[in-house]
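Hi,

Here is the structure I promised to pass on to you. Have a look at it first, then read my notes below.

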Amino acid sequence: MKNTVLIWLAIGLAGFAFLPWHMTDDGLFDPVWINDGNASTGLFSALSGQWWLAPAGLAPLMAIAVQLFVQAPVRRARITLAIAIAGLFLIALQGMIIVRAGPRILEWLFTGEAALAGQPGMGAGAGLCALALLFVATVSISQSGKGQGDAFVVSTIGLIVALVGIFVFFPVMHILVRAFEVDGGYSLTEFFPRFFSADIWGLGCLFGPRSCGVAINSLFLGVMTGAGTTLLGLSFALIFTRTDFRAKKLLRVLTVLPIITPPFVIGLALILLFGRAGTVTEFVADLFGWEKTRWVYGFWGVYFAQLLSFTPIAFLVLIGVVQGVSPSMEEASQTLDADRWQTFRYVSLPLMRPGLANAFLLGFIESLADFGNPLVLGSGYSVLSTEIFFSIVGAVADPAKAAILAIALLTLTLSAFMAQRIWLGKKSYATITGKADSGQNASLNPALRTLCYATALPWAALTLVVYSMIIFGSFVKLWGYDHSFTLAHFIRAFGFDLSSGRLTGVAWDSYFTTLTIASIAAPLTALVGLSTAYLLVRQKFIGKDAFEFSTMLSFAIPGTVIGVSYIMAFNFPPIELTGTSIILIIVFVFRNMPVGVRGGIAAMSQLDKSLDEASITLGANSFATVRRVILPLMGPAILAALTYSFVRAITSVSAVIFLVSAKHNMATSFIVGRVENGEFGLAIAYSAVLIVTMLAAILLLQLMVGTRRLRRADRVQQTA
Amino acid sequence: MKRLGMISVATLALSASGVLADELSVVCSAEQDWCDLMVSAFEAEHPDTDVLMVRKSTGETLAQVRAEAGNPKIDVWWGGTGDPHLIAAEEGLTQASGVDTSELLGWAQNMADISNGKAIGIYAGALGIAYNADILSEKSIEPPQCWADLEDPRFEGEIQVANPNSSGTAYTELATFVQLFGEDEAMVKLAAVGKNVNSYTKSGSAPSKAAARGETGVSIGFMHDMVKLAAQGFPLKIVAPCEGTGYEVGAVSVIEGARNPEAAKAWVAFALRADVQSRAPEVGSFQVPSNSNAKVAPESPDLASIKLIDYDFATYGSSDTRGRLLARWDAEVGDPNPQK
Amino acid sequence: MTQVATGSVRFDGVVKKYGDVTALKKLDLDIEPGKLVTLLGPSGCGKTTTLRLIAGLEMATAGQIHIGGEDVTHLTATYRKVSMVFQSYALFPHMTVQENVAYGLTVKSTPKAEAADKANEGLELVGLAGYGDRLPSELSGGQQQRVAVARAIVLEPEVLLLDEPLSNLDAKLRRHVREEIRQIQQRLGLTAVYVTHDQEEAMAVSDDIIVMNNAEIAQKGTPADLYEAPSSAFIADFIGDANLADCDVKSVSDGMAMVAMNGQTYSVPTRNSLSGAAQLVLRPHSLGLAPPDTPGVKGTVSYAAYLGKEMQYTVDTEIGPLFVISPVQAKPFRQGDAVCVKIDPTQARLVAS
């Protein structure tokens, strides 16, 4: 253990002495920085005037001395911990004080040319040095405490807390502070009247001709969407598990498609079908002689689009739950003379309660954060997500209003979390007992089956129609007007010149950037998400609840807010990331992490804890246990986390719009630009290619992770 | 733990790659195709400069330029309606490029004068009315000729226009009404038109697109957008209102603190050249070019035949006027959260 | 494999709390090297907590834990020389039997060949030589159990912990496997701590039994000690079946107590000096049934069961229901028969009430 500390101290010292401390304009592997005054190492900078960098080198040196000369292990660990924390604190402090333009405060302390010249953001040297000190601190904690901590566990906690702190709290604080901003300062008293204004919470639509506030609109839409998707998802799940419906495979595909569809596409297809000039509208109007209306613009259109988009999520949550209801409980109910309806009503349905609550919560939050559908279809029905966006980019840019609306949105999502916790209470819903169940799930009674078919099948049919339209739209000249066949959209987007081997299509750049970034972000997301899940399920530590909550936070904040807050936070020293691909990767990792966490928690809860304990009592440390026992058994969860984060990185829009740069443009941002420009054909052709790409990637992932999983699942089953 | 370390090192290695000296970072707020054309044309003339271009709307760009103030990652902002360019100039977010503007038309020079040379006009587009010929003939509605026609009940539920709170296009319309009719009268007229409006959209170009597809009968917006839609084959007819109309001036600005100011200035000079501006119609952009020697596409709205008002960019671009007019619009014309 | 370092286990005032819940009151414990000691008690008594504290899977709230004379109070499980056999076996389903057994050696970076050799040795020891390449799922329950034992002992632990290792096996197999475990433990001279709630199992395998109740030790001793001299009604009831009857201690002298019960006086052997109200422990085997006119406690048979080797009766008597086991007679009593229960006072034991 002493060695671990020494190794990390050496790494930290190396980072200080041999790597450029600050961000460089050249690559890390370009040796120019050795001679370049601006990008010199921490050691060199500290000696040539930037004395405030010295603690970064002194801290490891002092800690090394402590390792060598202090014998008592606990005492040694405590002193080392203090030194490491002090070092980290001083590094952070100097970074916050001295920015590009020189010192922000304490000018009397930081005098001289070097200080006034300022410094760019931290680079490789600073990063490595800080990371090393962090690990030195965590390893020391594990040695100085009551033996609670295994170094690996404490280090993982430390790393995740640091990452969440830097990449979730730090930027979010930047924007939330704006809510209290008034001309020339900050005010708490101004905040409350603005927050509780009728524009946000007004109930005018209930009592008169005026409309309701945006938060009320969002709330209403969210509740409706949550309820609707849960109902539809349940119908699908029941059809899958409790009926002998024939086209289950086709249904399965239909339930995956909306997840991998880039935003806007569903909204556009709905307009072309149900808009005033839409195909269906024309047909119905001709048939019945009805007036063609614009009903699809506004609440109903958005609601419709959200049902199409988010039902699959509810389905994925509920299918596991519906399958998980132990057949023996249903059989028990039936032997007690309950009929199939009573069994469903009084046994199965209540047992599905956690699943229903989860599905509703996800639908609700997705609806609140949804940006694409309200933008295309919302018309006069304002919701928080679009309103926040236009408060930032609209003709009257008002970041304070955006921040206030963001707080309103956070209030809604957090209340939903609370409500769910309260509703579920402390009842036990465990239905998987570990004993092999050989019974069969009760099939549905005819009335219920009909009801399920009646709700789910029209949805499926509509999805099918929407996707046929999308494929159709990418192959016709002018969707809606000129339906002659053409490949022009594909050629324009993805054309290439065979003779010269050059890619001439306009979409190639963003396509490759998107794939690269998604491919880097997905494994990182899975790693961070599953490590967090491991800590939450398997480890006990102080502040675990707060830790869990903070990891869920980024999921509840709308993408637009995250996007803008990232620019505000990471455009300046100490951490300068704007314009790089890193910022895109990071935003995806921390936005999608909660899903990895949830999936990991679910999967890990199914692994008997005695497996870890066996490994540990056999002398393996936590790291070896995770690597050799837990990871190999978590195939499905890893697959899910990888797939989800990959798909999300490709399809998310709102967070990305602000973060894309000339060098790193993303597919969705490109598509949005085309949609704004009215080039639906190109946008849809691009979307179709993305959908195919994602399907291929999912299949590939399943081949890589999935086949191993199957073999293992068989073994696991027989073990029991 | 070693593994975690490796990943972090890899991450840092990635982060260390930055911007090369001969790279020019351009944000383009015009149509994507025009942006692409400009980049390839510029790179052809300046083979040593690698142009990195991203398309963002003016609102997004202004938000980003503000957020990045002091340490910008953008060198040049090209295209997009002039107001945000003027705001950026007023807030000191852009710098004068010192490029020669003598060949430019009056309105373009005017913009440079207002902004002390920080924003220079590159194209103009007049505000107009578009209608879907199919819809109006089907419903036997007489097409509009003037702004005043839009107040007529025959257009009930047929007009679509953007919300000036979110759209620069709609703000131009609001300011045009004020300059045509006076502030009080303008609000009365806008409210009267508002009775026929089916939706105040967020985006300024959305109403014309909706009119093109037949989702609404009549739209208010910039004529060059309408021309483009009509050229694509939509049954869209364009009207220059009889009372006269306002216009926007698209601009180009160099960002204050640009990392590559030399290339940025070269870009501005390039963008103002007659031969470069003449190429816009190749990609279906029908704005009127600012260089007096540039060729105007036959499809472009002929500014000479349109009765243009003497749009006062200095007054109506200022934050004070803007705030006052929008507050009045909210109170007297539009429900801040309309729901119909 | 033949020489195993064995260690003692000592608890000094160990307390374990989960928040406000006390799982273990101040516990002192001393387990000698080479002994197999069973922790026995009803569920929730703290026996598993004690085992996990020895393993290092839980950390003591207060007190010290020594293993092999070394203070391990603050060491986590990874660093204690202790192995554990789990109730569920916890065999890694994705590894072969040999990989499972070699796991502990592998994570300590033992050379591969050496680890494999030792694993095979371990498998041989539990009679599973040649099963190394199979997956756990391809073994029977008893075999899996033995793999778990092999996996634990190849690490040559100072202490071997077994957490209800037999509870997933059927009754016949259970007896067989527990004999094997006892043999291996004795052959290797291992210190072993064994947790069970089955008193018969505990009596069959243990050198010593520690009976726990309500988060503390109720009594510690050899199986015979506990059966012969229970210190409380709880122990008497838990170790072997017992009928408990209220009685009154008149006097104690020379290890014999004069006890009055139901109007009669008995002379009962005792090791402790009680007086006044107490309880008499009457083992079912020590009671006999006789026709109603003989001396003894009168009652009526309320339940009679024929088990082949013996008869089991429940008799409603003046001192409450008594459970009686007697050899099969030519003419067994039947339900409803009036009987007299004969008490052999030398077989009876006295405990505090």
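Below is what turned up, taken piece by piece. One thing to keep in mind throughout: this is a predicted model.

Let's start with chain A. It is divided into domain 1 (2-147), domain 2 (200-474) and domain 3 (493-719). Domain 1 of chain A gives 9 residues to the contact with domain 3 of chain A, which gives 5 residues. On the domain 1 side, the residues that touch domain 3 of chain A split into 5 nonpolar, 3 polar and 1 charged.

While you're in chain A, find helix α6 (residues 124-144). Its 21 residues reach 30 Å from the first C-alpha to the last, close to the 30 Å expected at 1.5 Å a residue. Of those 21 residues, 20 are buried, so α6(A) is largely enclosed by the rest of the structure.

Now over to chain C and its strands. Strand β1 (residues 9-18) of chain C pairs with β2 (residues 21-31) of chain C through 7 bridges, running antiparallel. C:Tyr18 sits opposite C:Val21 in β2(C). The two strands, β1(C) and β2(C), make a hairpin with 2 residues between them, and C:Gly19 in the turn has a positive phi of about 60 degrees. β1(C) also pairs with β4 (residues 62-67) of chain C, again in the antiparallel sense, over 5 bridges. There, C:Arg10 stands opposite C:His66 in β4(C).

Further along chain C is an open sheet of 5 strands in the order β15-β19-β16-β17-β18, with antiparallel pairing. Which strands stand at the edges? They are β15 (287-290) and β18 (320-327) of chain C; each has a single partner strand, so one side of each is left without a neighbour in the sheet. Neighbouring strands of this sheet are turned by 45 degrees against each other on average, ignoring direction. Inside the order, β16 (residues 297-306) and β17 (residues 310-317) of chain C are joined by 7 bridges and run antiparallel, with C:Ala304 opposite C:Tyr313 in β17(C).

Last, two loop residues to click on. Most residues other than glycine have a negative phi. C:Asn214 has a positive phi, near 50 degrees, and lies in the loop between β9 (208-213) and β10 (216-221) of chain C. C:Asn262 also has a positive phi, of about 55 degrees, although it is not a glycine; look for it in the loop between β12 (256-261) and β13 (264-269) of chain C. Buried, exposed or in between: where does C:Asn214 fall? C:Asn214 is partly exposed, with 13 other C-beta atoms within 10 Å. C:Asn262 is partly exposed too, with 16.

Cheers

Terms used
Residues are numbered from 1 along each chain as its sequence is written. Chains are lettered from A and ligands numbered from 1 in the order in which they are written. This is a predicted model: local features need pLDDT of at least 70, side-chain atom pairs count only at pLDDT 80 or more; totals for chains, interfaces and linings use all residues. Helices (H or I, at least four residues) and strands (E, at least two) are DSSP runs, numbered from the N terminus. The expected span of a helix is 1.5 Å times one less than its number of residues. A residue is buried if 20 or more other C-beta atoms lie within 10 Å of its own, exposed if 12 or fewer, and partly exposed in between; C-beta atoms are placed from the backbone. Two strands pair if DSSP finds at least two bridges between them. Axes are lines fitted to C-alpha atoms, for helices over the stretch in contact, and angles run from 0 to 180 degrees between N-to-C directions. Domain bounds come from an automatic or database domain assignment. Two residues are in contact if their C-beta atoms, placed from the backbone, lie within 7 Å. Ala, Val, Leu, Ile, Met, Phe, Trp, Tyr, Cys and Pro count as nonpolar, Asp, Glu, Lys and Arg as charged, and the others, Gly among them, as polar.
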